[in-house]
Amino acid sequence: MRFSFLNVMRQALSHNEGWPEQWRSPEPKAAYDAVIVGGGGHGLATAYYLAREHGLTRVAVLEKGWLGGGNTGRNTTILRSNYLWEESAALYEHALKLWEGLSRDLNYNVMYSARGVMMLAHNVHDVQVVKRHVHANRLAGVDNEWLTPGEAKAFCPLLNISPAIRYPIVGAALQRRGGTARHDAVAWGYARAASARGVDIIQNCEMTAIRRDASGAVSGVETTRGAIAAKTVGVVAAGHTSVVMAMAGVRMPLESYPLQALVSEPVKPMMPCVVMSNIIHAYMSQSDKGEMVIGAGTDAYNSYSQTGGLHIAEHTLEAICELFPAVRRLRMLRNWGGVVDVTPDRSPIIGRTPVPGLYVNCGWGTGGFKATPGSGHVFAHTIARGEPHPLAAPFALDRFRAGRLIDEAAAAAVAH
Amino acid sequence: MLLIPCPWCALERPEIEFRHGGEAHVVRPPDPAAVSDAAGTEFLYFRSNPKGLYAERWRHVSGCGRFFNVLRDTVSDRILAAYKPGEPQPEVAREVGP
Ligand SMILES: Cc1cc2nc3c(=O)[nH]c(=O)nc-3n(C[C@H](O)[C@H](O)[C@H](O)COP(=O)(O)OP(=O)(O)OC[C@H]3O[C@@H](n4cnc5c(N)ncnc54)[C@H](O)[C@@H]3O)c2cc1C
Ligand SMILES: [Zn+2]
């Protein structure tokens, strides 16, 4: 059933009890044309675009837990495209353009809100780095502008621009089209739209092995719900990519780290935009429920614990209290962690692997939510055609051998 | 926060006294000029990143300043052994895991 004014009215009259399930939950079939491993936003988007753009509908998405229960449902939902290098700006801008029309495309409100993302500069080095980003972005046709402390304060009145604080704000970059979206809605919207086009969404189904034929090519997968034959397998498993790829004997240039976030008790609207500071490891926005959403950095060591250290959160909260003194008395409601897959150059890996039929889309690390639509779109193309989408080509696994790294450490070290 | 036993100081100290040094036993090729692209790439960028038993390096930056190795379970984050560089990796029974 489509979401339309008429249907919303009709359902309201029957106490909203007549809405059908949003996606089918079928038993896994014995064979598919393509199996996508990982039911986060990226995997579900991949399946959706496989069906919509490439006519592949014998597709299954396998999720070991529940949809979006990985990083998709744990992230702080910051969207922006002002990355430094042309390859990255093009990829993230492709995603941002898709965000702009996504609710309509999916007939599902993903609550994309272009409220502006501001990145603070606190010292001379920051100013140089941030201004370099602004100039590079403007040359690449991506909006990004430099603000004085006064202009930053006018855009975000909560900011403390006093020169007397430990890390005074000396300027900021602002991407006005950046903002936030509703994380769960992204997973659910893509799942619903993919399912409507024939994709099987299979939850509580963990892939446990990758089967290969005599030539070494992929012939199927084994799961906790039985074996499935498929000549094409796309791995979109975020923090668990190294573990999953090891099933095919493929080593990855990845390390998995805990990354945490926390939210405060809900308050009246007071924060009109997203503010982040790379140098003092803090960022904050306000959800539509009213909670202040605060993100911290990763822990120092790799781990699958899905729990960040308390001293990491404390470090962030010290910075938050200094930048936004008005929130000092707020109580924190929840604190949680995810497992993020980090590459040496902080850029994702999208494309083929040494195993024929096996594709991988990973390494989005601390900042891949913003890329969800673009990532799914270019990965679907890569899988369907067997060769990389032009925007994905620079992000091939082979770039580490070729030495063509895309170093976004400055853009992505902490910030999202 | 981890409590990390430094084998040099023979003390258990909080994590903030230490800096993580990445995966242990990644050996730098003795003659970098003679290394193949594949082996060089492997040395620079590829890591085992296991879910379970993991050998890693730590440096006691706010203590003795020295490097050492630790065996940790990356699911429970429990430290199972600590040993000095050059010593063989101790045998441990993995205690938690999927
Ligand atoms: C605290 C936090 C804050 C963040 N903030 C931001 C932000 O503000 N902006 C931003 O752009 N990004 C942010 N990120 C990063 C972002 O969440 C991720 O890059 C992105 O969600 C990755 O999407 P995904 O769909 O690949 O991953 P996931 O949603 O993690 O999906 C991967 C799925 O694979 C499943 N899986 C794994 N192994 C198997 C298997 N063997 N069989 C079947 N299924 C399997 C997992 O259960 C999981 O559901 C944040 C991350 C965290 C943890
Ligand atoms: Zn010591």
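**Entry 1: Ser195(A) and helix H6 of chain A**

A helix here is a DSSP run of H or I with at least four residues, numbered from the N terminus. I note at the outset that the model is predicted. With that convention, I placed Ser195(A) in helix H6 of chain A. I then asked whether Ser195(A) is buried or exposed. Its relative accessible area is 5%, and because buried means under 20%, Ser195(A) counts as buried. Leaving aside residues up to four places away in sequence, I found Ser195(A) in contact with Trp23(A), Arg24(A) and Ile201(A).

I next considered the helix as a whole. H6(A) comprises residues 183–196, 14 residues in all. From first C-alpha to last it reaches 20 Å, close to the 20 Å expected at 1.5 Å a residue. Twelve of the 14 residues are buried, so H6(A) is largely enclosed by the rest of the structure. Among the buried residues I list His183(A), Asp184(A), Tyr190(A) and Arg192(A), together with Ser195(A).

Which elements do the buried residues of H6(A) pack against? I recorded helix H2 (41–54), helix H3 (86–106), strand E8 (200–202) and helix H9 (372–385), each in chain A. After H6(A) comes Gly198(A), with a positive phi near 105°.

**Entry 2: the zinc site in chain B**

I looked up the protein donors of the zinc ion (ligand 2): Cys6(B), Cys9(B) and Cys64(B) through SG, and His60(B) through ND1. These donors lie 2.0 to 2.4 Å from the ion. The angles among the four donor atoms run from 107 to 116°, and the site is tetrahedral. For reference, the ideal angle for four tetrahedral donors is 109.5 degrees.

I wrote the sequence spacing of the donor residues as C-x2-C-x50-H-x3-C. The pair Cys9(B) and His60(B), 51 residues apart, links distant parts of the chain. Cys9(B) sits in the loop between strand E1 (3–6) and strand E2 (11–14) of chain B, and His60(B) in the loop between strand E4 (53–59) and strand E5 (67–73) of that chain. I also checked accessibility: Cys9(B) is partly exposed at 29%, whereas His60(B) is buried at 2%.

**Entry 3: the sheet in chain B**

I traced an open sheet of four strands in chain B, ordered E3-E4-E5-E6 with antiparallel pairing. Strand E3 (19–23) and strand E6 (79–83) are the edge strands, each pairing on one side only. Direction ignored, neighbouring strands are turned by 30° against each other on average. Between E3(B) and E4(B) I found three bridges in the antiparallel sense. Glu23(B) has Glu56(B) in E4(B) as its bridge partner.

**Entry 4: the sheet in chain A and its surroundings**

In what order do the eight strands of the open sheet in chain A stand? I obtained E5-E6-E4-E14-E15-E16-E13-E17, with mixed pairing. Strand E5 (145–147) and strand E17 (332–342) stand at the edges with a single partner strand each, so one side of each lacks a neighbour in the sheet. The twist averages 25° from one strand to the next.

Within this sheet I examined strand E13 (residues 255–264) and strand E16 (residues 292–298) of chain A, which pair in the antiparallel sense over four bridges. Ala261(A) has Gly295(A) in E16(A) as its bridge partner. I also noted helix H4 (residues 124–139) of chain A, lying across strand E4 (117–121), E5 and strand E6 (171–175) and running at about 145° to E5(A).

I then turned to Ala152(A), in helix H5 (residues 149–155) of chain A. Ala152(A) is buried at 0% relative accessibility. Beyond residues up to four places away in sequence, Ala152(A) touches Met118(A), Leu147(A), Leu159(A) and Ala172(A). Pro163(A) is eleven residues from Ala152(A) along the chain, and I took 14 Å as the separation of their C-alpha atoms.

**Entry 5: positive phi outside glycine**

As background to this search, most residues other than glycine have a negative phi. I logged Gln306(A), which is not a glycine, with a positive phi of about 60°. Gln306(A) belongs to the loop between E16 and helix H8 (310–323) of chain A, and is partly exposed at 31% relative accessibility.

In chain B, I logged His25(B), whose phi is positive and near 60°. His25(B) is in the loop between E3 and helix H1 (37–45) of chain B, and at 44% relative accessibility His25(B) is partly exposed.

Definitions and conventions:
Residues numbered from 1 in each chain as written. Chains lettered and ligands numbered in written order. Predicted model: local features only at pLDDT ≥ 70, side-chain atom pairs only at ≥ 80, totals over all residues. Heavy atoms only, no water. Donors = N, O, S within 2.8 Å, 3.2 Å for Na, K, Ca; no water. Tetrahedral: all angles 85-135°; square planar, octahedral: opposite > 155°, others 65-115°. Helix = DSSP H or I, 4+ residues; strand = E, 2+ residues; numbered from the N terminus. Buried < 20%, exposed > 50% of the residue type's maximum accessible area, 1.4 Å probe, protein only. Expected span 1.5 Å × (residues − 1). Contact = heavy atoms within 4.5 Å. Pairing = 2+ DSSP bridges. Axes fitted to C-alpha atoms, helices over the stretch in contact; angles between N-to-C directions.
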